Amino acid sequence: MRLIAFAALLAALPGGALAQTPAAVEQPLLHTVVGQVEGERMRADITALVGFGTRHTMSDTVSDTRGIGAARRWTEREFRAISQTCGGCLEIALPSDTITGPRVPRPTEVVNVVAIQRGTSDPNRVIIISGHIDSRVTDVMNFTADAPGANDDASGVAAVLEAARVLSQHRFDATLVYAVLSGEEQGLFGGKILADYARAQGWVVEANLNNDIVGNSEGQSGIRDTTRVRVFSEGTKTVETAAQAERRRYNGGEVDSSSRNLARYVDGIADRYLANFDVEMIYRTDRFGRGGDQVEMLRAGFPAVRISEGAENYDRQHQDVRTENGVEYGDTIEGVDFDYLAQVARLNIATMAALANAPMVPSGVRIEGAVKPDTTLTWAAAPGAAGYRVWWRSTTAPQWTHSRSAGPATTLVLKAIPIDDYFFGVSAISDDGYESPVVFPGPAGAFVSVGDPPVPAT
Ligand SMILES: [Zn+2]
């Protein structure tokens, strides 16, 4: 009976597809970190951040009680306190730039607060969680009025801090970076500073999970949605060259950028490790006509997704705090649902732990099989990988559906599976069963975009 019920459940999933199993073996550690998240700690974080009055990028930097300077020094102290509980496992960096622009009329120092937890065996591979600390009201240039920014984006900052608290109690193969960004509302400056910093450090960024507006569960239309979070990802790469686009238009890859396959991985984590909480993959870089710091990471060629609540309330974003005709406007802490925010934090934290203990996504993935009955994939050996798994799916399916182990080999021939009819990819698996995201072959899917060799014409 139970088996029949399970089969019926599988058949009822969208597209009839079972989401990619993110880890080849169910990992007790991922259940542990999910269980360590506490919504009340995030309530304290957001209360503290709202208490600085405004965190506008051009607000006071000298006061200890009001403005962006006080808020970022508080954040730095929080990271240092967390680090003390793990024997100094976090390094703190304050990458910054002096900015002028259409929304920054006078030169203004924009400072990110970044904590780095070095990986044990693969420290140059980096998983980044980010949120932005700056806030705004109706007039984006108003840097004196109270701008609580409780949900946009103290909620994201709280998720970053909670990730640091939980994950710093464990050790991981890859490096984890907890990034609190500034200058988002004035033009995504914190995202640019982070991307520049990552490049200067020579980091191989495997994933950026950008959390922006993640704590509200009551939408503008009155709908209450506590069971769903949206993960936005670009379909084709921002950094795709004209030659790569030409090949991709012909052979496919429109829905298989590294960021999209990162989103699929996050979706798989939710299915396996979170109760009553689902990822809605959105096939867009961001919400319609809007942006976030992940855009700057994509411009630098790094895989990145935007995570946002399932149902937004626009009366509570970018608004002067006021009551008008009985309607309350403003991004106040009353608009944050801490049980919901905790679920979003759990999703981030489980994803980071899974990625950081898995091997790096395979590189140099190639596929061939034109005018042949079989399809062949080959790839470079990934450091730390004990084995590999080749995945495929219908060209209209949202998730990877079929897979076959390649064992430790770096090539696999799929007999009697024609290249024309499916999309294909490959993941790497550690000896203890952690699995990487699936990577689509060629430059369209590669997780490391810089220095991709051009695909030879056939
Ligand atoms: Zn925001």
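This report describes a predicted protein model, moving from its overall form to its zinc site, its core and a few individual residues.

## Overall form

The protein, a predicted model, has a secondary structure that comes to 10 helices and 18 strands. Its radius of gyration is 22 Å, which is close to the 23 Å that the globule rule gives for 458 residues, so the protein is as compact as a globular protein of that length. Measured out along its principal axes, the C-alpha trace spans about 70 × 55 × 45 Å.

Of the 458 residues in the protein, 59% are buried. When contacts between residues at least 6 apart in sequence are considered, 75% of them join residues at least 24 apart.

## The zinc site

The zinc ion is coordinated by His132 through NE2, by Asp152 through an OD atom and by Asp212 through two OD entries, at 2.0 to 2.7 Å. The angles among the four donor atoms run from 52 to 146°, and the site is classed as irregular. A tetrahedral assignment would require all angles to lie between 85 and 135 degrees, and the range of 52 to 146° goes beyond those limits at both ends.

Along the sequence, the donor residues follow the spacing H-x19-D-x59-D. Of these, His132 belongs to strand S5, which covers residues 122-132, whereas Asp152 sits in the loop between S5 and helix H5 (154-167), and this pair, 20 residues apart, links distant parts of the chain. His132 counts as buried because its relative accessibility is 1%, and Asp152 is likewise buried, with a relative accessible area of 5%.

## Around Asp152

Asp152 is also part of an unusual backbone feature, since a cis peptide bond, with omega of about 10°, joins Asp152 and Asp153. Asp153 lies in the loop between S5 and H5.

Another residue in contact with Asp152 is His318, whose place is in the loop between strand S10 (304-309) and strand S11 (322-324). Although His318 and Asp152 are 166 residues apart along the chain, their C-alpha atoms are separated by 8.2 Å. Not counting residues up to four places away in sequence, His318 touches Arg136, Val137, Thr138, Asp152, Glu185 and Arg290, and with Arg136 there is in addition a side-chain polar contact of 3.4 Å.

## The nonpolar core

The largest nonpolar core has 74 residues, and those with the most contacts inside it are Phe79, Leu167, Tyr178, Leu347 and Met352. Helix H10, residues 338-357, gives the largest share of this core, contributing 14 residues. In soluble globular proteins, nonpolar side chains tend to be buried together.

Ala342 is found in helix H10 and is buried, with a relative accessible area of 3%. Leaving aside neighbours within four places in sequence, Ala342 is in contact with Val37, Gly39 and Met42. By contrast, the C-alpha atoms of Ala342 and Ser430, which are 88 residues apart along the chain, are separated by 29 Å.

## Two residues with positive phi

Ile213 has a positive phi of about 70° although it is not a glycine, and it lies in the loop between strand S7 (204-211) and strand S8 (228-232). With a relative accessibility of 1%, Ile213 counts as buried.

Asn325 also has a positive phi, of about 50°, although it is not a glycine, and its place is in the loop between S11 and strand S12 (327-329). Asn325 counts as exposed because its relative accessibility is 80%, whereas Ile213 is buried.

## A buried arginine

Arg287 is found in the loop between strand S9 (278-282) and helix H9 (294-299). Its relative accessibility is 7%, and therefore Arg287 counts as buried.

Not counting residues up to four places away in sequence, Arg287 touches Ile213, Arg230, Phe232, Arg306, Ser308, Glu312 and Gln317. One of these, Ile213, is the buried residue with positive phi described above, and another, Glu312, is joined to Arg287 by a polar contact of 3.0 Å between their side chains.

How values were computed
Residues numbered from 1 in each chain as written. Heavy atoms only, no water. Donors = N, O, S within 2.8 Å, 3.2 Å for Na, K, Ca; no water. Tetrahedral: all angles 85-135°; square planar, octahedral: opposite > 155°, others 65-115°. Helix = DSSP H or I, 4+ residues; strand = E, 2+ residues; numbered from the N terminus. Buried < 20%, exposed > 50% of the residue type's maximum accessible area, 1.4 Å probe, protein only. Contact = heavy atoms within 4.5 Å. Polar contact = N/O pair within 3.5 Å; in protein donor to acceptor, adjacent residues only side chain to side chain. Core = buried A, V, L, I, M, F, W, Y, C linked by side-chain atoms within 4.5 Å. Rg over C-alpha atoms; globule rule 2.2 N^0.38 Å.
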